[in-house]
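This briefing goes with the sequence and structure shown below. Please keep both in view while reading the points that follow.

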Amino acid sequence: MRHSSLVVVANRLPIDDSIAPDGACEWRRTPGGLVSALHPLLRHTPATWVGWAGGTGPAPTLPDVDGVHMRAVPLTAEDLRDHYEGFANSTLWPLYHDAVEQPEHHRRWWEAYQRVNRRFAEAAAEVAEPGAVVWVQDYHLHLLPGLLRAMRPDLRIGFFLHVPFPPPELFMQLPRRAELLRGMLGADLIGFQRVQAAHNFAQLVAKVLSLPATDRRIGVDGRVVRIGAFPVSIDTAEMAALAARPDVAARAQRLRQDLGRPERVILSVDRMDYTKGIEQRLKAYSELLASGHVKVRDTVLVQVAVPSRERVGQYQILRERVEREVGRINGEFGRVGEPAIHYLTQPFDRAELAALYRVADVMAVTPLRDGMNLVAKEYVAARVDDTGALLLSEFAGTAAELSQAYLVNPHDLEGLKEGLLAALHAAPADVSRRMRAMRAHLHEHDIRAWARSYLSALDETGPLVRRLVSGTDAASITVPGQPDRSATRVEHPSGG
Ligand code: ADP
Ligand code: G6P
C-alpha cells in the first residue's frame with residue numbers, strides 16, 4: 001500500500017465511472033467546484049486523494065490521475081441513499097444554503113453519515129504516513145477530523161468547507177448539531193470561504209459547546225483550533241491560456257455563427273441545483289422578452305445546466321420545472337431556427353467551456369446562495385481581451401472579491417432585469433475597466449495562492465507548501481487580510 005505525506009479526503013474523486021455509449025467504462029473529470037479547485041492544484045504532486053468514485057458496490061482499483069494516487073472508498077446502495085443523497089444533500093446542503101429548499105431530518109440518515117465518515121477516516125488513516133497532513137473537504141465529512149484524530153493523533157489535520165456555513169439560527173435546527181461541531185473541531189485548522197462563516201462557527205461553538213471561541217481561535221481539549229476565511233479560486237493562468245488558444249478562439253467564432261450571429265450572447269453555466277437561481281433568471285429573461293426590452297432577433301441566452309444529484313426529489317422537481325419553462329419560453333418567443341434559449345445539459349470538456357466563455361458578451365451568474373461559484377471566476381479568467389460583462393449575485397461568495405461585476409439581488413426580479421439590461425447595454429469602456437480590475441485580482445488570487453495561504457497556516461513548518469506549489473518561495477507566503485509574514489510564523493489565519 002502506498003503511503004503519502006499529503007492526503008486529501010473529499011466525498012468525490014476527480015473522476016467518475018461513466019458508461020460510454022458502447023457500454024465500456026470510462027473515466028472523466030466530474031463537474032463541480034471542489035474537484036475543479038483541487039484537481040489542477042494536486043496534479044503531479046505525490047499525494048493521495050481518498051474519495052468515492054460514484055456508483056455502489058466494491059471500491060474499484062483506480063489508476064493514478066496525473067501522478068495523484070486515487071484511493072476509492074466503497075458506498076453501498078444504502079449509504080448512497082442515506083449518506084450522500086440523504087444527510088449530505090437533503091439535510092445539510094439545503095440548510096447551509098439559506099434553507100431555500102426545506103431540509104429534511106431522518107434518524108436513519110444520521111446513522112449512515114456516522115458510518116460513512118468512519119469508513120473514510122479509516123481509509124485516510126491507512127494511507128497517511130507518520131506525521132502526514134490530511135486535508136478534509138466539505139460538508140459530507142464533518143465528523144472525519146474528530147474520528148481521525150482519535151485514530152491517528154500524529155497527523156496534522158485540516159478541514160475546509162466549500163459551501164456557506166449558515167447563521168446560528170439555521171444551524172441550531174440540526175438535531176445532531178453538537179456532534180457535527182465536535183467532529184469539525186478534531187481539525188487543527190478549519191477554513192471557510194468567507195469571514196462571516198468563521199464568525200458563525202465561532203458563535204455556535206461558544207453557544208452549543210460552551211467552549212472559549214473567537215473568530216480566529218477555539219480552545220478544545222487542551223488544544224487550539226484555528227479558524228479563518230480562505231476564499232477558494234481557480235487556475236487563472238491555465239484558463240487564460242486555454243481561452244487564448246487559436247483552436248478555442250476559432251471554436252468560439254463558430255459557436256457565434258451557429259447561434260445565428262446575434263449581437264449579444266448571454267451565457268449561464270450551472271449544475272442543475274436549486275441554489276443557482278435558474279428559475280428566477282428564466283423568469284427575468286422571459287419578462288424582458290415579453291416587454292420587448294430583449295429581442296430574440298439580436299440576443300440569445302445559452303443556458304448550460306448539467307444534471308446533478310438526479311435521484312433526489314428536489315432536484316428532479318427543479319429539472320422538470322426548468323425544462324417546462326425553457327419549452328414555454330422557446331414556444332412563445334422563439335422563431336423557426338431561432339430559439340430564445342439554447343438549453344444544454346451535457347458535460348463539456350475544458351476547451352469547449354472556454355470557447356463558451358469567450359463567446360459570451362454577458363455571463364449571468366445569479367445563485368440564491370453559493371459558497372464561492374468558480375464559474376464566475378472561470379469566465380473572468382477566459383476574457384483575455386478584457387471584454388465581457390459579469391452579472392453576479394450578491395449572494396455568491398465570489399461577490400466579496402469580484403465587486404466590479406454588475407451585482408444583483410436574484411430575489412428581486414425587477415433588480416435582476418435591470419441588472420441584465422445594464423450588463424447588456426454597458427459602454428465598452430466601462431465593461432473593460434471592470435473586467436481588467438477583476439482579472440488583475442484573479443491573477444494574484446489564484447488556486448495556488450489559496451493553497452499556499454491555507455496550507456502554510458496548517459503546516460507551519462512549510463515543506464509541504466514548497467512541494468505542492470512548485471516554484472514558490474514559502475517565505476513569501478501571505479495570508480488573506482493579513483500583513484505579509486512568513487509561512488512559519490502565521491498565527492491568525494482569519495481574513496477578518
Ligand atoms: P458548484 O461547486 O456548486 O458546482 P461552481 O461554480 O463553484 O459550482 O463550480 C462548478 C464547476 O463545474 C466549474 O469548474 C465548472 O466549469 C464545472 N462545470 C459546470 N458545468 C459544467 C459542464 N456542463 N461541463 C463541465 N464542467 C462543468
Ligand atoms: C459542490 C460541493 C462539492 C461537490 C460538488 C458537486 O461544489 O461543494 O462537494 O462535489 O458540488 O456535487 P456532487 O454531489 O456531484 O459531488
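**Two ligands in a predicted model**

The shell around ligand 1 is made up of 10 nonpolar, 5 polar and 4 charged residues. In this grouping, Ala, Val, Leu, Ile, Met, Phe, Trp, Tyr, Cys and Pro count as nonpolar, Asp, Glu, Lys and Arg as charged, and the others, Gly among them, as polar. This is a predicted model, in which local features need pLDDT of at least 70 and side-chain atom pairs count only at pLDDT 80 or more, while totals for chains, interfaces and linings use all residues; side-chain values use heavy atoms, with hydrogens and water left out. Residues are numbered from 1 along each chain as its sequence is written, and chains are lettered from A and ligands numbered from 1 in the order in which they are written.

**Domains**

- The protein chain is divided into domain 1 (4–229) and domain 2 (236–444), with bounds that come from an automatic or database domain assignment.
- The C-alpha centres of domain 1 and domain 2 are 30 Å apart.
- Domain 1 gives 29 residues to the contact and domain 2 gives 24 residues, where contact means heavy atoms within 4.5 Å.

**Ligand 1**

- Ligand 1 lies between domain 1 and domain 2 because both of them give residues to the shell around it.
- There are 19 residues around ligand 1, and the closest are Gly 33, Ser 36, Arg 271, Lys 276 and Glu 378; a residue is near a molecule if one of its heavy atoms lies within 4 Å of it.
- At least two residues of this shell come from each of α1 (33–42), β11 (264–271), β12 (299–306), α12 (350–359) and α13 (374–382). Helices (H or I, at least four residues) and strands (E, at least two) are DSSP runs, numbered from the N terminus.
- An oxygen atom of ligand 1 lies 3.0 Å from a backbone N or O atom of Gly 32.
- Nitrogen atoms of ligand 1 also have backbone N or O atoms beside them: one of Gln 346 at 3.0 Å, and one of Phe 348 at 2.8 Å.
- The protein buries 92% of the 570 Å² that ligand 1 exposes when taken alone. Accessible areas come from the Shrake-Rupley method with a 1.4 Å probe; for residues, only the protein chains shown count as cover.

**Ligand 2**

- The residues surrounding ligand 2 include Pro 31, Leu 34, Trp 93, Asp 138 and His 162.
- Gly 33 and Arg 271 are among the residues that surround ligand 2, and they are also listed among the closest residues to ligand 1.
- By class, the shell around ligand 2 has 5 nonpolar, 3 polar and 4 charged residues.
- Polar side-chain atoms of two arginines lie by oxygen atoms of ligand 2: Arg 12 at 2.7 Å and Arg 309 at 2.8 Å.
- A side-chain N or O atom of Tyr 84 is 2.5 Å from an oxygen atom of ligand 2.
- Of the 380 Å² of accessible area that ligand 2 has on its own, the protein covers 91%.
- Two or more residues of the shell around ligand 2 come from each of α1 and α2 (77–96).

**His 97**

- His 97 sits in the loop between α2 and α3.
- His 97 counts as buried (under 20% relative accessible area, with a 1.4 Å probe and protein chains only) because its value is 1%.
- A polar side-chain atom of His 97 lies 2.8 Å from the backbone oxygen of Trp 93.
- Leaving out residues up to four places away in sequence, His 97 touches residues including Val 163, Thr 275 and Asp 370.

Definitions and conventions:
Polar contact = N/O pair within 3.5 Å; in protein donor to acceptor, adjacent residues only side chain to side chain. Buried < 20%, exposed > 50% of the residue type's maximum accessible area, 1.4 Å probe, protein only.
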